Amino acid sequence: MCRRNGEWVIILGVRAYLKKFILGKSVLKSLRFRITLLIILVGTIPMLILETVILNSYEKRAVDVRTADIQNQCTILCNQLGDLSYQQGKTSDIVGTELVQLSNIYSGRVMLINKEFRILEDTYGMDVGKTIVSGNVVRCLSGKGTNQYDAGNRYIEVTSPIIGNESEQIEGVMLVSVSTDSIEDSLAVLKERAAAIEAVAGLLLFIAAFLIGWGIVRPFQRITGGIEAVTEGYEDNYLYENAYTETMHLSDAFNKMLGRLKVLDKSRQEFVSNVSHELKTPLTSMKVLADSLLAQEGAPVELYREFMGDMSQEIERENEIINDFLALVKLDKTANTMNIRTENMNELIERVLKRLRPIAAQRNIELVFESFRPVTAEVDEIKLSLAITNLVENAIKYNNENGWVHVSLNADHKIFNIEVADSGIGIGPEDAEHIFERFYRVDKSHSREIGGTGLGLSIARSAIVMHRGAIKVYSQPGEGTTFTVRIPLIYVS
Ligand SMILES: Nc1ncnc2c1ncn2[C@@H]1O[C@H](COP(=O)(O)OP(=O)(O)O)[C@@H](O)[C@H]1O
Ligand SMILES: [Mg+2]
């Protein structure tokens with residue numbers, strides 16, 4: 001039992017080793033291994049088939065030639081024998097010499113057999129007088145010469161009928177059996193040579209396959225190296241691997257991805273520096289206000305009140321920035337967790353407008369909702385309300401006193417549109433390109449009086465894009481602005 005356990009331990013150990021060093025290293029899965037194997041197989045199999053075919057046909061051909069030769073000689077000799085009345089036991093010396101010659105040429109055995117199956121002549125001199133009844137002899141006596149190759153015992157047996165000149169009948173049989181050892185010997189030599197050639201060819205093939213496999217996989221290894229270099233800290237590690245069309249596509253795709261990563265990285269950096277800048281501005285003002293108060297001994301209460309009021313405003317602004325900023329971060333974070341429900345869009349917009357009406361009223365701006373039809377759609381109510389709020393808020397903020405804001409809702413069978421149009425200050429074409437960027441504000445000094453962070457539109461756009469929708473702006477400076485939003489009625493995740 002103990003020994004058996006020991007054996008198991010060894011077997012498991014060997015298995016673990018194989019797994020770790022062969023399968024674990026994925027050698028069998030590697031492209032290089034497979035290509036090498038394929039080339040070796042493709043090279044070796046035809047070589048082996050060719051060898052077998054050539055050697056086999058050589059053997060067959062050699063046996064055929066030898067058989068035909070013997071048959072010819074037999075026929076000639078049998079014709080001569082027809083003149084002799086050997087069957088009466090009067091075999092001549094001439095016949096004996098001829099038979100010995102034949103047996104010498106082919107280093108074989110020649111026998112003469114009469115109709116009674118008795119052996120009259122045997123060049124081996126062993127079986128004279130004995131009877132032989134073999135299938136070939138019987139067949140030959142009935143009129144047809146035979147030949148037979150026995151590959152196992154390595155000999156060719158040929159029989160030829162002897163036809164009497166006078167009787168014109170079969171009087172006996174000449175039987176020749178010849179060893180094929182010489183053929184086998186040359187076959188063995190050929191096989192040896194073939195094996196030597198195969199060994200050399202096999203070695204060359206293996207080296208070639210190894211090198212080709214290495215060469216084919218090389219560009220992919222370079223790509224992996226390039227990607228790893230980028231992972232360690234991407235600088236300008238663009239790939240230009242043009243060895244194959246496939247690697248070219250791969251490099252192109254990678255370069256595009258790298259470009260995108262760089263853009264993302266840049267925008268992240270910009271975002272962080274913008275955030276810290278925006279957050280610091282109100283703090284700086286507050287510090288200036290506080291410091292100037294502290295520097296004045298016995299400052300009047302009115303000054304205190306005024307500065308404190310300013311500081312309160314700065315705190316308010318700081319709060320606003322942080323709120324917008326948090327809304328944006330939250331949108332980014334919950335990008336994958338949309339809380340989709342079927343909503344009545346008319347009611348949703350009404351609710352948004354109701355909250356904003358007091359602000360519009362402060363500047364006597366007319367806020368109108370125009371609904372072309374009842375619309376229900378699959379949306380995330382909170383995110384979409386946030387987007388519409390930002391658009392309408394802007395339309396009020398960047399408007400003139402006594403102006404108007406028109407919000408309209410329409411739909412076809414696939415999408416719904418929301419349009420927010422205002423009679424406000426408008427946006428120039430150059431600015432229109434950038435207003436959806438984070439922290440972008442058209443006129444910093446003017447906008448500062450109005451208040452805002454430059455985050456509202458990027459929040460709105462993020463929310464709309466999450467609904468697989470799109471937002472566009474149409475505007476001329478001084479002629480008002482129209483934002484259009486298009487969102488599919490059915491949410492596609
Ligand atoms: N309806 C509008 N009319 C004119 N300008 C607008 C309008 N909406 C947005 N803008 C411009 O686009 C900028 C970016 O808007 P937004 O991202 O909402 O930031 P914020 O409103 O906080 O400044 C605004 O500062 C403003 O200059
Ligand atoms: Mg805004």
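I take helices (H or I, at least four residues) and strands (E, at least two) as DSSP runs, numbered from the N terminus. By that rule, Val53 falls in helix 2, residues 31-81.

The model is predicted: local features need pLDDT of at least 70, side-chain atom pairs count only at pLDDT 80 or more, and totals for chains, interfaces and linings use all residues. I number residues from 1 along each chain as its sequence is written, letter chains from A and number ligands from 1 in the order in which they are written, and use heavy atoms for side-chain values, with hydrogens and water left out.

**Surface patch.** I looked up where Val53 contributes to the surface. Val53 helps to make a nonpolar patch of about 650 Å², together with Val27, Leu28, Phe33, Leu37, Leu41, Ile45 and Ile49. Such patches are made of residues with over 30% relative accessible area and no salt bridge, nonpolar side chains (Val, Leu, Ile, Met, Phe, Trp, Tyr) being joined within 5 Å and like charges within 9 Å. A salt bridge is a side-chain nitrogen of Lys or Arg within 4 Å of a carboxyl oxygen of Asp or Glu. Areas come from the Shrake-Rupley method with a 1.4 Å probe, and for residues only the protein chains shown count as cover.

**Domains.** I noted domain 1 (76-185) and domain 2 (338-488), with bounds from an automatic or database domain assignment. Their centres, taken over C-alpha atoms, are separated by 117 Å.

**Cores.** I define a nonpolar core as a set of buried Ala, Val, Leu, Ile, Met, Phe, Trp, Tyr and Cys residues joined through side-chain atoms within 4.5 Å. Buried means under 20% relative accessible area, exposed over 50%, and partly exposed in between (1.4 Å probe, protein chains only). The largest core has 51 residues, and those with the most contacts inside it include Met345, Val407, Ile418 and Phe483. Another core, of 20 residues, lies apart from it and includes Leu77, Leu99, Tyr106 and Ile183. I listed contacts (heavy atoms within 4.5 Å) for Ile418: leaving out residues up to four places away in sequence, Ile418 touches Met345, Ile388 and Phe483, among others.

**Positive phi.** Most residues other than glycine have a negative phi. Asn402 has a phi near 65 degrees and sits in the loop between helix 9 (381-397) and strand 9 (404-411). Asn402 counts as exposed because its relative accessibility is 55%. Arg468 has a positive phi of about 60 degrees, in the loop between helix 12 (456-466) and strand 11 (470-475). At 46% relative accessibility, Arg468 counts as partly exposed.

**Helix 12.** I also checked Ser458, which lies in helix 12 and is buried, at 5% relative accessible area.
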